[in-house]
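Open the structure in your viewer and keep the selection tool ready. Each stop below says what to select and what is found there.

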Amino acid sequence: MSDKKLPETARVVIVGGGVMGCGLAYHLAHEGWTDVVLLEKAELTSGSTWHAAGQITYSTSSYGLGKCVDYNVGLYAGKLEAETGQSVTWHGCGSFRLAYTEDEMDWLRHTLSVGRALGSNIHLVDPDYIRRHHPYYNLDGVLGALHTPDDGHVDPSGVTQALATGARQLGVKIVRRCRATNITQLPSGEWQVDSEQGTIRCEHVVNAGGTYARQMGEWSGLQLPMTSMTHHYFVTDTVPEFMDLDRELPVIRDDREVSGYIRMEQKSGLIGIYEKENPNTVWEDHCPWEAENELFEADYDRVMPWLENALERMPIFAELGIKREVHGAISHPPDGNPLIGPAPGVRNYWCCCGTQIGIGWGPGLTRELARWMVHGASDISMREFDPRRFGSYATKEWQVIKAKEDYCLRHEIPFPHFNRLAGRPVKPSALYDRLKQKGAVFEEVYGHERPRWFATQGVEQRDHYSFRRTIVHDVVGAEVKAVRTRVGIMDISAFTKIEVAGPDAATVLDRLIANRLPRKIGGIALTHFLNEAGRIELEATIVRLDQDRFYLVCAAFFEQRLLDHLARHAGEADLTVRNLSTDWNALALNGPKARDVLARCTDAPLDNAGFPWLQARRIAVAGHTLWAFRLSYAGELGWELHIPREATLAVYDALWAAGKPYGIADYGSFAMNVMRLEKGFKGAGELTNEVTLPEADVMRFVRLDKEFVGKAATEKSAAGTLPWICAYLEIEPDGNVDGHGGEAVLMGDRVVGSTASVAYGHTVGKILAFAYLKPRAAKPGLDLTVVIHGSPRAAKVLAAPAYDPESRLPRTDALEVAAE
């Protein structure tokens, strides 16, 4: 029954009663927050949830989603029904994901490696094995499949009702037939939710509005990027061959021929299709409030090629009629990942929306969101789901373009570094056109265009996709060699660049960082911002430009997270925060000849006495004043030059001209990643919200003799038994596959962790990786095994960087270079 009376206040108000909203209510209650009210405009599950196919699979290469899937299957297979008494109709039939090409087989091999790290029941099988378990599927051309026998499907409405029942049992109030009409933040910081039944004030508000989520965000001045796309599935008449089966056939996921899935639905067949061209959007401006259990007329013209393929692959369906057509709307964010976490620019407004696969992903993700809300941190990395991964560049028009692109990619091979090109460029740097002319292949990071690598003579200027090495491997090797032996220049304008200034700037920043703030003007410090739970929010470089002025640099992804973190903790402090990420560009100049090149363009002293390591100076380059920072992510002699946008091209051209006698070369992010791994520098893949500073093994950047947010939790972590620790590995190359992250690490025959970042170190001739391992396996010198591409590789834990372990090169003085 619905709770009739709307309370005046609550700790949390959730707006939306689908699987995401009810899942969050259930998990908040289980985390101890029961003063929760959920508002649903119609009946529970009456939005996208009710028409979902209800499937869930372990076939995922995402380590975080894999953890969610494992939790969800356990919930569906018994726990939820036992707790609530509400049937969810679990069908544990398993599934096969088919492969027709070697590229698809490589995808399955990589997924197998990730599954091994997660402990999933997952196997690579041949066509004969598939045929024994599913005798009716046409396997012509099939090379193999990934068999995930613990997969299944559930009744979406049953799951949602069970989650709602479990939430109610713990005290959550659910109010149906109560449409929210506005969400506003009060001067006190509380949120006010207006509804058809009255007004309610709350500390936290959650947007779980499904296809309404974007327009609900606009009530509060938020731009939440997602677009409603329509998806078909069809239920056939009764299949005679199914009548005498004593078991349910596994689900078939056929990405190439069907672009979707085929399974049993009772004694009928079910065919789901994600067409790969001309996808359909609805409600681009406004989802009608009166929509309830909304379906659209089937568009056979759009899906017919794929439907015909499905009938050819499942010939026992070919002569049957279609007894049910389901054509409903599903939310698609620009990159396909849900929006789970804090909304940008405000406090205590949470997103729980934009979920394409609510049944498959929802409970696990809502459990993590509940932990984030209650405890200040989730237990898996939420980076790929954080709503703050998009900025103001994500306009409504851009969202539609990207949602269509995402829909068409739903059943394509997710190659490593797959570059989504639609709707770009959005935020090109001042060098974009110049570098494009020189062969740059770009990637998008928080809207910015950053060069990945540079096409050389005879190499096509496009991405070359594979799970194996491509021609780009050698191109990147040449870029690395240029930096290591001569000098390289890179456009690093995509970095987030924030200025914090004012009388209280030093006090606030010192309280927020684990390291000590630079004391002298021109000082540079690498540090970490933590939450109260001691988990890592982000890593940043801080430069003291003046007594009360600081310049913060971090990865592009963290721009809004950093701004929100500063706003949350600044309070009434006297300071100003300026976002310079677009107005200022930046260049990295690295290599043994970097000083020679820079000296040709400036009169500033560049030796160790005049410009020491980890110091900043305001200098003139080619007549333009800029900030030069002596540091190097490549681990070479080098500088970062931070430049007003309008001067960037002139500075780049001057450096390039000065560098020609020294063999200067452009390089991109792929080479940068190789060099940082050769130097043992941890990056965004290692420093996530899952881990504390002791777990990440970065305590050398911590000063426990000062106070900072997260200090108590950091001390507790350091004093306790660590669940894992970040280790640095050397892995033997074997063939042309180097790994892509998420692979299982074994000690003997036992899984002891998984890789976070992997790359081939061209300078040292080894594959290098960071991996989170059980502490007993993270000891330097220990021999381990890493499962790459489904095959074991010998590995060793390293105690020091594979390249220049004493870090002598970045500190090299001019006199030393001359002597050499």
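Select Cys202 and Cys178, and show their side chains. The sulfur of Cys178 is the closest cysteine sulfur to that of Cys202, yet the two are 13 Å apart, which is too far for a bond. Bear in mind that this is a predicted model. Is Cys202 buried or exposed? Cys202 has 1% relative accessibility, so it counts as buried.

Now go to Cys287. Which residue holds the closest cysteine sulfur? The residue is Cys353, and its sulfur lies 13 Å from that of Cys287, again too far for a bond. Cys287 is buried, because its relative accessible area is 0%. The structure as a whole holds zero disulfides.

**Charged pairs**

Side chains of opposite charge can pair when their charged atoms come close. How many salt bridges does the structure hold? The count is 51, and a few of them are visited here.

Select Glu43 and Arg177. They form a salt bridge, with the closest N and O atoms 3.4 Å apart. The pair links distant parts of the chain, 134 residues apart. Glu43 sits in the loop between strand E2 (36–39) and strand E3 (55–56), while Arg177 sits in the loop between strand E8 (173–175) and strand E9 (180–185). Glu43 counts as partly exposed because its relative accessibility is 30%. Arg177 has 43% relative accessibility, so it too counts as partly exposed.

Next, select Arg179 and Glu196, a salt bridge whose closest N and O atoms are 3.6 Å apart. Arg179 is in the loop between E8 and E9, and Glu196 is in the loop between strand E10 (191–195) and strand E11 (198–207), 17 residues away. With a relative accessible area of 49%, Glu196 is partly exposed.

Move to Asp463 and Arg452. The closest N and O atoms of this salt bridge are 3.0 Å apart. Arg452 belongs to strand E21 (448–454), and Asp463 lies in the loop between that strand and helix H11 (471–485), eleven residues from Arg452. Are Asp463 and Arg452 buried or exposed? Both are buried.

To see several charged residues together, select Glu31, Arg367, Glu368, Arg371, Asp379 and Arg535. Salt bridges with shared partners join these residues into one network.

**Nonpolar cores**

Select Trp453, Val476, Tyr551, Phe629 and Tyr667. These are the residues with the most contacts inside the largest nonpolar core, which has 51 residues. Which helix gives this core its largest share? Helix H16 (residues 669–678) does, with six residues.

Stay with Val476 and hide its neighbours within four places in sequence. What remains in contact with Val476 is Trp453, Phe670, Ala671, Val674 and His762. Another core, of 50 residues, lies apart from the one just visited; to find it, select some of its members, among them Leu65, Leu75, Leu163 and Met373.

**An open sheet and a helix across it**

Select strands E23 to E27 and switch to a cartoon view. They make an open sheet of five strands in the order E24-E25-E26-E23-E27, with antiparallel pairing. Which strands stand at the edges? Strand E24 (524–530) and strand E27 (576–579) do; each has a single partner strand, so one side of each is left without a neighbour in the sheet. From one strand to the next, the twist averages 30 degrees.

Within this sheet, look at strand E25 (residues 536–546) and strand E26 (residues 549–554). Five bridges join these antiparallel strands, and Ile542 stands opposite Leu552 in E26. Then add helix H12 (residues 505–512), which lies across strand E23 (496–501), E24, E25 and E26. The helix runs at about 35 degrees to E26.

**A hairpin to finish**

Select strand E34 (residues 744–747) and strand E35 (residues 750–761). They run antiparallel and are joined by four bridges; Ala744 is placed opposite Ser754 in E35. The two strands form a hairpin with two residues between them, and Gly748 in the turn has a positive phi of about 70 degrees.

Finally, add strand E37 (residues 783–788). E34 is joined to E37 by two bridges, and these strands also run antiparallel. Which residue in E37 is the bridge partner of Val745? The partner is Val786.

Terms used. Residues numbered from 1 in each chain as written. Predicted model: local features only at pLDDT ≥ 70, side-chain atom pairs only at ≥ 80, totals over all residues. Heavy atoms only, no water. Core = buried A, V, L, I, M, F, W, Y, C linked by side-chain atoms within 4.5 Å. Buried < 20%, exposed > 50% of the residue type's maximum accessible area, 1.4 Å probe, protein only. Contact = heavy atoms within 4.5 Å. Salt bridge = Lys/Arg side-chain N within 4 Å of Asp/Glu carboxyl O. Pairing = 2+ DSSP bridges. Axes fitted to C-alpha atoms, helices over the stretch in contact; angles between N-to-C directions. Disulfide = S-S within 2.5 Å.
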